[in-house]
Every structure is written in structure tokens, then in C-alpha cells.
Amino acid sequence: MKIIVASDLHLSPPQSRIGGWDSRRGSYASWLEPNDRLGEIVDYANANGTDAILIGGDMFDSGTPASEAVAMCRDQLNRLSPGIKVVIAEGNHDQRSVFGLHRTPVEAYLGDHPRVHAVAKKYGVIEVDGLRVATLPWVRVGGLSELEEKNLSVEDAIKQMAEEGADLFLGHMMLSDLSICRGSELSMTTEVLETTAPAALLEAGPWQAATIGHVHNRQFVGESGKVNYTGSTYMCSFNEEGQDKGFDVIEFDRNLKIVDRDFVHLHGLRMYTYRYDDRARSRLIEDKTAPGDKVRIMCSPDDYDDAAAEASTLSSKGVIVKIVTDERERALVSATRQGMSVDMSPSQAMLDYATKKGLDKSRAKRIVDVFEEVISS
């Protein structure tokens with residue numbers, strides 16, 4: 001048996017994320033990029049005798065994907081060879097908003113597709129041609145008061161599925177022993193509070209591999225090499241510069257024991273960042289970029305006109321360029337109330353407010369760090 005594991009496809013992102021209308025193909029570039037990567041996965045599955053495709057969450061970028069992007073996704077799934085089954089565990093972006101019957105877009109738009117074997121809305125073990133897959137979709141946290149309870153519920157769910165036995169674990173979650181707060185999803189997440197579980201808990205399970213979505217940077221976690229984030233299928237933000245994008249291919253023998261595990265690269269658009277005054281890097285990036293790539297130029301306000309001229313040169317070769325001036329990150333918040341004037345940075349305002357509300361200082365600092373990273377991106 002051979003399966004593909006991918007995650008964080010983020011179909012139907014905002015039209016502004018990867019700039020503009022593609023007149024040649026008659027669609028927004030931001031819709032074409034993730035859809036093309038899905039198409040590559042389908043092509044690989046058809047050409048290599050794949051039995052199943054497992055998606056570890058964030059199939060869509062939001063709870064209200066564009067109808068055209070949904071149609072494009074269904075068209076790709078229609079191309080799958082008969083017999084290839086798709087299992088989708090819902091991610092946080094899939095759950096951004098739900099429909100009247102509490103259906104997410106994954107369930108509403110893809111649940112009836114003939115190639116979709118199952119959509120996991122809650123934890124449980126799903127069987128695919130004899131392969132038992134423990135699935136843990138995103139668990140929403142409504143507020144700080146329920147975070148501890150939800151953390152315990154996630155750990156209990158993992159333990160319960162471990163007792164049932166499974167060959168593989170598929171989830172969308174954050175591991176508590178990651179050294180990063182949100183990985184490369186800093187500028188895209190809808191929640192600050194989220195459940196976590198230790199990697200050791202997944203390592204102790206009966207499954208031979210635990211593959212997880214949510215963090216876009218592909219990485220292995222823990223001591224055994226058993227637990228890993230597959231990473232996103234394309235570059236969704238500048239925070240992902242230099243990261244590998246692709247999917248895992250896992251092969252099992254007749255006894256459903258893993259005999260091979262490979263990573264297949266997807267070669268979509270690339271993202272680059274450089275400071276205008278770093279001439280060596282700017283020349284290097286100009287040589288490396290291809291049409292559709294995205295470049296962010298950081299500069300001082302005094303250098304903006306020169307940076308814009310350089311951006312024009314890149315744009316002429318089909319590169320999407322964004323210019324960010326340093327002063328943007330140093331904006332101050334000013335407020336006047338009852339004759340009292342307060343002047344402070346947005347970060348300090350957030351930190352003061354969180355502390356006043358009784359939030360643990362270390363957690364408050366993490367929130368502020370996320371905010372500052374989003375602003376800088």
C-alpha cells in the first residue's frame with residue numbers, strides 16, 4: 001500500500017496574497033498557485049500507484065472559499081484515478097466559519113465527492129482499505145478559561161485512539177515542545193489560544209508515524225523521528241522563505257508495516273526578502289527570481305523612491321514586489337480620554353491590557369511577539 005500525506009493546502013486564499021489577475025489563465029494568481037500544487041499531487045498519485053491521499057488540515061484558507069476556487073479543487077479531485085481514496089482532517093482555517101448545519105466548507109463542498117472517503121470533524125480511527133488512521137482535527141478554544149480543559153481533552157483523545165490501535169496518526173495541532181510559537185503561520189492564524197500536546201505522547205502511540213498539519217515549516221519533532229509536520233504545499237507568507245514545500249509518500253508492506261518514506265518536493269512560486277541597501281543580495285535575488293515569484297524590499301523612507309525603481313525592474317519580468325518602509329513597524333498609538341494623553345506602542349498597549357486581564361506574563365509576551373511578527377510581515 002502507498003499513501004500520500006499532505007497538509008495546509010490553503011485553497012482560495014485572498015486575491016491579494018499572490019498578486020493579481022492572470023489574464024492568460026483567466027483566474028486570480030492566488031487561486032492558481034495552491035490549485036496547481038494540488039494538481040501536482042494528483043498527477044503523482046495517478047502515476048505512482050497511490051492508494052490514498054491524507055490531508056492534515058487547512059484544505060481551504062477560510063470558511064468561505066470562493067465558488068470558483070471550490071470548483072477548481074473539485075476538478076482536480078475528479079482527475080484522481082478510481083480507487084484512490086481521500087481523507088481530510090479539518091484544520092483551523094477550515095473552521096473559521098461554519099454553515100447553518102454546523103458544516104465546514106470541507107464537509108459541505110467536498111464531503112459528497114466520490115473520491116473523498118471521509119472528512120474528520122472529530123477525533124477517531126478511520127479505516128482506509130485496511131489501514132487504520134487515527135485522526136485528530138483542529139480543536140477550537142473559545143477562551144482562556146477553557147484552555148486547560150481543552151488541552152486535557154486533546155490528550156485524552158490521543159490516548160483513547162492509542163488504545164484502539166492504529167497504523168498512522170493524522171492531525172492538525174500544535175505540539176507543546178516546539179521551540180516556536182506558530183511557525184510560519186504567524187500572519188494567517190485566526191486564533192491565539194490553541195490546544196497543545198507533548199510530542200512524547202504521540203511518540204508513545206502504536207502508530208508507526210504521526211504526521212501533523214498546522215505549522216508550515218516541514219520538520220521532525222521528538223527523539224524517535226516518528227513525529228513530523230509535513231509543512232504547507234506552497235509558500236503562503238514571507239515567513240516561509242527558504243523552506244521546502246511538498247508532501248510525504250509512505251509505503252507499507254502486506255502486514256501494513258512501513259517499508260519506505262520519502263519527501264516529494266513541489267516547485268511552486270518562491271518568496272524572497274532583502275533590504276534595499278544590501279546590494280549583493282538584491283543582485284542575487286534578481287538573478288534567481290522567475291515570473292510569479294514574490295519579493296519584499298525593506299527600506300528606509302528616504303530610500304523609498306529608489307526601491308520603487310528597483311521594484312519596477314523586477315515587476316517587468318513578472319515578479320510580484322512589495323515595499324515595506326521601516327517606519328511602519330514603529331507607529332505609535334495615541335489616545336486622549338478625560339484630559340489624559342497616553343502615548344505608547346501597540347505592543348506595549350497589548351501587553352498592558354493582557355496583564356490587567358490577569359493573563360500569565362509569559363503567555364502575554366508570546367501574544368505580543370506574534371503581533372509584532374505579523375506587523376513586520
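# Side-chain interactions and cores in a predicted model

The side chains of Asp277 and Arg275 form a salt bridge, with a nitrogen-to-oxygen distance of 3.6 Å. The structure discussed here is a predicted model. Asp277 is exposed, at 52% relative accessibility, whereas Arg275 is partly exposed, at 34%.

## Salt bridges

Side chains of opposite charge can pair when their charged atoms come close. In this model there are 16 salt bridges. Three of them are set out below, each with the distance from N to O.

| Salt bridge | N to O distance |
|---|---|
| Asp277 and Arg275 | 3.6 Å |
| Arg218 and Asp248 | 2.5 Å |
| Asp369 and Lys365 | 2.8 Å |

The salt bridge of Arg218 and Asp248 has an N to O distance of 2.5 Å. Arg218 is located in the loop between S12 and strand S13 (219-221), and Asp248 belongs to strand S15 (residues 246-252), so this pair ties together parts of the chain that are 30 residues apart in sequence. Arg218 is partly exposed, its relative accessible area being 21%, while Asp248 is buried at 0% relative accessibility.

The salt bridge of Asp369 and Lys365 lies within one element: both residues belong to helix H9 (residues 361-376), where they are four residues apart, about one turn of the helix. Asp369 is partly exposed, with 33% relative accessible area, and Lys365 is likewise partly exposed, with 42%. Elsewhere, Glu33, Arg37 and Glu40 are joined into one network by salt bridges that share partners.

## Aromatic pairs and a charge over a ring

A pair of aromatic rings is described by the distance of the centres and the angle of the planes. The model contains four aromatic pairs. In one of them, the ring centres of Trp21 and Tyr28 are 5.0 Å apart and the planes meet at 85°, so the arrangement is edge-to-face. Trp21 is exposed, with a relative accessible area of 52%, and Tyr28 is partly exposed, at 24% relative accessibility.

A further aromatic pair, Phe169 with Trp207, is tilted, with 5.2 Å from centre to centre and 50° between the planes. This pair links distant parts of the chain, 38 residues apart: Phe169 is in strand S9 (residues 168-172), and Trp207 is in the loop between helix H5 (199-203) and strand S12 (210-213). Phe169 is buried, with 0% relative accessible area, and Trp207 is also buried, with 1%.

Ring pairs also connect Trp21, Tyr28 and Trp31 into a cluster. In another kind of contact with a ring, the charged end of Arg279 sits over Tyr276, at 4.8 Å from the ring centre.

## Nonpolar cores

In soluble globular proteins, nonpolar side chains tend to be buried together. The largest nonpolar core of this model comprises 26 residues, and Ile53, Ile55, Met59, Leu80, Leu110 and Phe247 have the most contacts inside it. At least two residues of this core come from each of strand S1 (2-6), helix H1 (29-47), strand S4 (52-55), helix H2 (67-78), strand S5 (85-89), helix H3 (105-110) and S15. Helix H1 gives the most, with four residues.

Phe247 illustrates the surroundings of one core residue. Apart from its neighbours within four places in sequence, Phe247 is in contact with Ile4, Val5, Ala6, Ile41, Tyr44, Asp262, Phe263, Val264 and Leu266. A second core, separate from the largest, has 24 residues, including Leu175, Ala199, Ala210 and Val221.

## Strand S18 and its partner

In a regular strand the side chains alternate between the two faces of the sheet. Strand S18 (residues 294-299) is mostly covered, with six of its six residues buried. Lys294, Arg296 and Met298 point one way from S18, Val295, Ile297 and Cys299 point the other way, and all are buried. Strand S17 (residues 271-275) runs parallel to S18 and is joined to it by five bridges. Across this pairing, Thr273 stands opposite Arg296 of S18.

Definitions and conventions
Residues numbered from 1 in each chain as written. Predicted model: local features only at pLDDT ≥ 70, side-chain atom pairs only at ≥ 80, totals over all residues. Heavy atoms only, no water. Phe/Tyr/Trp six-rings, centres within 6.5 Å; stacked < 30°, edge-to-face > 60°. Buried < 20%, exposed > 50% of the residue type's maximum accessible area, 1.4 Å probe, protein only. Lys NZ or Arg CZ within 6 Å of the ring centre and 35° of its normal. Salt bridge = Lys/Arg side-chain N within 4 Å of Asp/Glu carboxyl O. Core = buried A, V, L, I, M, F, W, Y, C linked by side-chain atoms within 4.5 Å. Contact = heavy atoms within 4.5 Å. Pairing = 2+ DSSP bridges.
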